[in-house]
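Reader: I'm new to this structure and would love a close look at just one part of it. Could you pick a strand and walk me through what surrounds it?

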Amino acid sequence: MSMFNRYWRIALGVVVIAALIIAPMYLNRYGLFILSQWAVMTIAAMGLNLTLGYAGQVSLAQGAFVGIGAYSAAIMTANGMPLIAGLGVAIVLCFAIGWILGYPALRVQHHYLAFVTLAFSTLAFLVFRNESWLTNGIYGISNIPRPTILGYPTNRPLPFYYVCLGSLALVSFATWWLIRSPWGRAFVALRENPVRALSLGIDTRRYTLMAFAIGSALGGVAGTLYAPLTQYIDPVPFNLSLSLDLLMMVIVGGSGFFFGPFLGAMIAVLLPEWLRFTQGYYLMLYAVAVILLLIYSPSGILGILDRYLTERRTKAASALRAVAKSGLEPAP
Amino acid sequence: MLDLLIAGLATGAIYAIVAVGFTLLWQTSQTINFAQGEFVMLPAFLMLAAMHVGAPFWLAIVIGMLLSLLLLGLGFKMLLVDPMLRHGVLPLAIATMALAIGIKEAVKQFFSAEASPFPSIVPAGDISILGRQVALQSVGVLALAIAAVVGLTMLLNRTSIGHQMQATAQNPTVARIIGIPVERMILMTFLINAFLVALASLLITPIYLAKFSSGEVLGQAAFIAAIVGGFNQVRGAIAGGLLIGVVDNLAAAYVSTQYRAAVPMVLLILIILLRPQGLLGRAEERTV
Amino acid sequence: MKSGILAGILLATMTAAAALAQSGAPIKLANVAELSGGGATVGTNWKNGIDLAIEEVNAKGGVLGRKLEVTHADSQSNPGVARAQVQKALDGEPYVLLGPGYSGSVKVTAPLAAEAGIAQIMGGEAAELTQGGNKFLFRTSFGQQSSMPKVAKYINDEVKAKSVAIVWVNNDFGRGGRDVITKEFAKLGIKVAADLSTEAGQADFAADVSKIKAAAPDAVFIYLNEEESARILKELKRQGVTVPLIGETTLVGQKVVELAGDAANGARGHVGLTTDAPVDLIKAFREKFSKKYNYVPDHNGLKGYLAIYMIKATTEKMGKVDSKAFADNLHGLTIKAASEPGILMDATFDKNGDIDRQGFLVEIVDGKQIIKQVLPKLN
């Protein structure tokens, strides 16, 4: 039974991956742009999922970290450096800032990280907007080049989509490895039972901080892809509402589930696009859909699935038990 | 300097009213309402709609208040909060974010994307205080806000309903055991919040204008005021609101207009580091 | 009997088909604008202007006998979303692309339209937009590079101010205007006494005005949106600032007068495009617009309206619907209000896609806009 289930899962995974690789060849430029956007937002949401879903901390600054990543990429590439250099700077910067923000906040109280990151989000926006010497202020940075990888330019929509998809794959593998590593288990232990984790000798604060800093760095990674994707950035898209959107993606997808961010980003990026045929009503319908979904399943889409699978498993188990029981009973 | 203080207090009084409602919801039902700003924006439109169909201003205010109690108090609690409450703080908070988008879009779609003027219950013009010209509107806003807050404090501290509400806020389980109708008390806080946002709407819309987006700035300011004030104390929220209003003005005058929004944030971070329970808040037990 | 009906239907169908063939399929236009988010007021005005003009044009038989048809897409006031929506619009191969209104969104989308060879008629006012050699981009209003020098000249020649305080809203509109006029002041030797940035949606201007007072300038230049303009005018009056207050379209519009009351009296400014202009065609436009949408449009409503008539005039001049030749034909074109009333005032488009048109210097007296001076069209 469980073997069968496992094969199904692998088959589903192969089909989805194949679809993500092959289907875009038949999409127009708009479709490719939206799918690339989905990949980028998924990376940012995966980072937040580490912070929220695995370490149990609310961050209201993931959008600001995406902004820091985007500005690193834009400024570095505008000065003739390769995108990979921007990526390095973004990761180091976001990790360090995450550490510096989280350290004092987590020292005082559990949920204060949310408040500190809220404040940071606003501060980051003001710096992007006011420090014109660095960020070109409200005018933004235009003509951000797309990278050339192994001598192959990715200016066209399709190659750049593969850059985004490839990055998503790399980040997914890294996260997958991290969660299954002893570190990742420590994160989960933390979320499930901080007191017990503490009594087992896990330095809770350090691990929480680590999860937050790594999550923030992934926000930076998403940003370094966002900049060459739109090829123009200004401060406005990185304000608090992006952070709130990303939080929504994680919760709606299913926080603490590995594939939650994939589905959450799909809802946040693709659902409004599907609803656009309703013209002026599309954002209203989107809001209603999110509310209904959360009322129906507060643990997100994967929460529904999880509930359904658990039910089926218990049913199957009791059926098995019944069979076993009847087998044990002597024939009449 | 005096001008700045008075103007800052008038703005801060509005933040305070909105922040108080915010804190009340958090205390009694662990609801973080990200749509609080939109809750302030909406009643003005309900009143405008009532006037549009021919109601005089006073009747429109009554209708707006009643609809606000019905929609933002009762409706909000029964349709959104009740089904989600037992599933933790975060999904509900996210749902209120979606609600904020929904309200904004609905107002834009069904009313207008334009800012509409809104009649003031305080007459226009200035009065002279200590030799300074002060807008009557600011004085009126401040006076009404103070009256609302004093009234609320009296209700909470002097009446038995108030005591029951406080008990509910502090420990619902114990409150239930000693026979307090906890459910009714929670509903009461939602109605009080609905009343406060409608009042705030009435007071500030003449200044902010009725516009679908005017809740954004206000909601965020109230949220920050609540945190600065301690998040778990009504008087903390009031102090937080007034402080944010004044600090914002002083920052613009003496620090930098470009970074005026940063100063309250820095203040917030400092308060969290130095006085994590908030200005007037009690230390909350760690929930771990 | 039955066959008679059948024949009738057949005949009717054939006539209809013939009519359709004669008039041709509708001409497809695509509009991408700020319909939600921070720019929703701008985008909604722009969209309503477009819809009104299309309704009029179609009621009179369309363009070259073909109806106009437009799709509206919302950019959420976000350049990233604008890019996606423009991409989508261009994938549908429209005749002309309309919008966006925010300069940032124009910057990110203009290269796409140029690459597709489709003309883009937009609402952005930032100076740099038309200076990058893009052959497909057109304005519907003065860029800041042409309106600000007029204001600076007025402040220098007429007001004779030696020092000026500048108050601007810190978004791409306000910042752009502030940067251009600061340069102009430097050329004229006018000192900037105070340089104050404000936030969009700001309600409390007490601190900004007290800074102006402290700087004691000869004049104040105000470059904010209408709502904030009204609030700062009230605060200036309250704190007793009496020096000349000078601005642009957004300081002296009817909406500001409505909101600020008598605090608006004495405010002066340069007005490029306003529904208050003393031109009969504009008054008629304003009437039609307010009747249809129940509110008085701002200049963005006018811009959207003009965009459609720019398309009509250009297409009729070409005598054919040719997307590729459109931009070439609009460059250097002069559209006269006498022959195309929808353009409201004579307008000429230069090789950069900038517009040249009459402007006005106005002052608010007793709650009414009084024209002090008409600034003639350059060519």
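Author: Let's start at C:Ile166, which stands opposite C:Phe221 in β8(C). Keep in mind that the model is predicted. That pair belongs to a longer match: β6(C) and β8(C) are joined by 5 bridges and run in the parallel sense. As background, strands of a sheet pair through backbone hydrogen bonds, either parallel or antiparallel.

Now look at β7, residues 191–198 of chain C. β6(C) pairs with β7(C) too, again in parallel, through 7 bridges. Here you can find C:Trp168 facing C:Ser197 in β7(C). How does the chain get from β6(C) to β7(C)? The route goes through α6(C), and this β-α-β crossover is right-handed.

So how covered is β6(C)? Mostly: 6 of its 7 residues are buried.

Part of the packing around here comes from α5, the helix spanning residues 144–159 of chain C. Its buried residues include C:Gln144, C:Gln145, C:Ser146, C:Ser147 and C:Met148. Further along the helix, C:Val151, C:Ala152 and C:Ile155 are buried as well. In general, an α-helix has 3.6 residues a turn, so residues three or four places apart point the same way.

What do the buried residues of α5(C) pack against? One of the partners is our strand, β6 (163–169), and another is the crossover helix, α6 (172–188). The list also holds three more strands of chain C: β8 (219–223), β9 (245–247) and β10 (268–271). Between α5(C) and β6(C), have a look at the backbone too: just after the helix, C:Lys160 takes a positive phi of about 55 degrees.

If you'd like a contrast, scroll along chain C to another sheet. There, 3 strands make an open sheet in the order β11-β12-β13, and the pairing is antiparallel. Its edge strands are β11 (334–335) and β13 (355–356), each pairing on one side only. β12, residues 347–349, is joined to β13(C) by 2 bridges in the antiparallel sense. To see one of the matches in that pairing, find C:Thr348, whose bridge partner in β13(C) is C:Asp356.

Back at our strand, here's the picture to keep: β6(C) is paired in parallel with β8(C) and with β7(C), while buried residues of α5(C) pack against β6(C).

Note on methods
Residues numbered from 1 in each chain as written. Chains lettered and ligands numbered in written order. Predicted model: local features only at pLDDT ≥ 70, side-chain atom pairs only at ≥ 80, totals over all residues. Pairing = 2+ DSSP bridges. Helix = DSSP H or I, 4+ residues; strand = E, 2+ residues; numbered from the N terminus. Buried ≥ 20, exposed ≤ 12 C-beta atoms within 10 Å, placed from the backbone. Contact = placed C-beta atoms within 7 Å. Right-handed = clockwise from strand over helix to strand, strands pointing away.
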